[in-house]
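Open the structure in your viewer and keep the selection tool at hand. The stops below say what to select and what is there.

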Amino acid sequence: MELIKDGKRLDGRGFNELRDIKIEVGVLNRAIGSAYVEWGRNKVMAAVYGPREMHPKFLRDPTKAVLRCIYNMAPFSVEDRKRPGPDRRSVEISKISSEALSHVVMLERYPNSAIDVYVEILQADAGTRCVGLTAASVALADAGIPMKDMVASCASGKVNGEIVLDLMKEEDNYGDCDLPLAVIPRRKEVVLLQMDGKLTQDEFKKAYEVAIDGSMQVYEIQKNALLKSVNEVKIGE
Amino acid sequence: MNIEAYLRKDYITNLIKEGKRLDNRKLDEYRKIEIQKGYVGEKASGSAFVKLGDTKVLAGISMNVGTPYPDSPASGIMTVNTEFRPMASPHFETGPPGEKAVELARVVDRGIRESGSIDTGKLFIEDGKVWIVFIDIHMIDDGGNLMDAAGIAAISALLDTKLPKYEDNQVIRGEFVGKLPMTGTPVPCTSVKVGDTMLSDPATDEEYAMDSRLTVTTTTADMMNAMQKGGKGSFTDENVMQAVDLSFKHGKEIRKLVEK
């Protein structure tokens, strides 16, 4: 399938260009922290509850809190209805997202407790794990839970032989490779890295750099959204 | 929490900081790999028993006939399933597969699927009927690095697999028409980071001490098909590139053993 024409992608983007990203902070009233992210045609909401008592009890860790991130796709988020409930894909994404977020949250401050992060994919258009992680990280910051850094995430991939940033649905379906990645921006270290498809070692190096640069751009958008949400608070309200 | 891991972590971390490993291996050295193809050869269509040091894994292949996916009506289907049997470790329990088992199965699946190693185009029988390749991996004894052991077992078992005879809408068990059509040998290789040190093929104690893990599946000397980072730590750029280099290097060696 022809996905690149005259050096432009199907939606007119250049190779290293992100889709439009809009982040809203504090969108839910019950949750301790929350965020809503529109990223291209993705719509994703994240909520944080805790630190709170850990149930079941045997999962408690007397040395630190346990962070549990649950990634869930709404049945209507994709064209062919997704059967509700956890499947193998969402179990895997929940696991790696939990691990990525656990690296930045100062869990040792809350022994025996749980920090629950819920990521709901309301509309999916490729790259939902990156969008979910980006939203989750903003929601944790909104919750005021001490963190060493943010987690910013973006994918790169290979489409018609070119390394491009932030795959959209058509590129994900008919491209040659997908490489989702998440960084902790201050140290530029990787906390999530996956790849599937076909890449040579040189192509990987390029795709890796492109994904890191994309994630750093996402970080700026996260930071701006958080700053804006703090500035909006008026005394007396 | 795993008390054993908590108690041993510092000791192992300090040892590795000095460049030493408990079993005297070099940092980038694999344990001895033994592959026994056709281990359960009488019923399964293919199988392989793999020892990676004292980690033991058994993979079995079942060939069934079924309906193809609507978006690829002319292609066969493959699925990978893993079972972390409680016999393999005091930390495994009965019940449906946990997140570790799901992750492992999906990483092994991605390597085989994305490399196109099973020639699914040749698994078409007739309209609405294709072969389904079930890859089931049983963890027998967990001495660390189940990921690589499982991946090696899966691809070894596939190379051992025979295609059953299909006649009058029936699979004729025990009669075969040839080998399962295979075009490549994907091999997952895992490196872990303990403190600031990267090492290959972690044993159980080293998994207790590790901060993060990176598995890279390579299929030829310059083709990678799957990658997965796990664990709560982070990787620098150098860590990632080192792990990729190590995976290409070890992949080449292990591929020779698997294809033997």
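Select Asn145(B), which is found in the loop between strand E6 (129-141) and H3 of chain B. The model is a predicted one. Is Asn145(B) buried or exposed? Asn145(B) is buried: 28 other C-beta atoms lie within 10 Å, where 20 or more are enough to count as buried. Its phi is near 55°, a positive value in a residue other than glycine.

Next, select Asp201(B), in the loop between strand E10 (197-200) and helix H4 (204-209) of chain B. Asp201(B) is not a glycine, yet its phi is positive, at about 50°. With 26 other C-beta atoms within 10 Å, Asp201(B) is buried.

Go back along chain B and select helix H2, residues 99-115. What span should its 17 residues have at 1.5 Å a residue? The expected value is 24 Å, and the end C-alpha atoms are 24 Å apart, so the two agree. H2(B) is mostly covered, with 15 of its 17 residues buried. Move one step past the helix: H2(B) is followed by Gly116(B), whose phi is positive, near 65°.

Now select Ala154(B). Which residues is Ala154(B) in contact with, leaving aside its neighbours within four places in sequence? They are Ala59(B), Val80(B), Val108(B), Ile112(B), Ile135(B) and Ile137(B). Ala154(B) is also among the residues with the most contacts inside the largest nonpolar core, which has 141 residues. Others in that group include Ala153(B), Val117(A) and Leu181(A). To see the element that gives the most to this core, select helix H3 (residues 146-159) of chain B, which supplies 11 residues.

Zoom out to the whole of chain B. It has five helices and 12 strands. Its radius of gyration is 19 Å, close to the 18 Å that the globule rule gives for 260 residues, so chain B is as compact as a globular protein of that length. The C-alpha trace spans about 65 × 40 × 35 Å along its principal axes. Of the 260 residues of chain B, 49% count as buried. Among the contacts in chain B with a separation of 6 or more, 69% are between residues 24 or more positions apart.

Show both chains for the next stop. How many residues does the contact take from each chain? It takes 25 residues from chain A and 26 residues from chain B. On the side of chain A that touches chain B, the elements giving two or more residues are helix H1 (88-104), strand E11 (189-199) and helix H4 (201-231) of chain A. E11(A) provides the largest share, 11 residues. By type, this side of chain A divides into 11 nonpolar, six polar and eight charged residues.

Keep E11(A) selected and add strand E12 (residues 223-230) of chain B: the two pair in the antiparallel sense over four bridges. For one of the bridge partners, pick Asp196(A) and look across to Ala226(B) in E12(B).

The last stop is in chain A. Select Gly50(A) and Pro51(A), which are joined by a cis peptide bond with omega about 5°. Pro51(A) lies in strand E5 (residues 42-53) of chain A. Then select His55(A) and Pro56(A): the peptide bond from His55(A) to Pro56(A) is cis, with omega near -5°. Where is Pro56(A)? Pro56(A) is in the loop between E5 and strand E6 (66-73) of chain A.

Conventions
Residues are numbered from 1 along each chain as its sequence is written. Chains are lettered from A and ligands numbered from 1 in the order in which they are written. This is a predicted model: local features need pLDDT of at least 70, side-chain atom pairs count only at pLDDT 80 or more; totals for chains, interfaces and linings use all residues. The radius of gyration is taken over C-alpha atoms; the globule rule is 2.2 Å times the number of residues to the power 0.38. A residue is buried if 20 or more other C-beta atoms lie within 10 Å of its own, exposed if 12 or fewer, and partly exposed in between; C-beta atoms are placed from the backbone. Two residues are in contact if their C-beta atoms, placed from the backbone, lie within 7 Å. Ala, Val, Leu, Ile, Met, Phe, Trp, Tyr, Cys and Pro count as nonpolar, Asp, Glu, Lys and Arg as charged, and the others, Gly among them, as polar. Two strands pair if DSSP finds at least two bridges between them. A nonpolar core is a set of buried Ala, Val, Leu, Ile, Met, Phe, Trp, Tyr and Cys residues joined through C-beta atoms within 7 Å. The expected span of a helix is 1.5 Å times one less than its number of residues.
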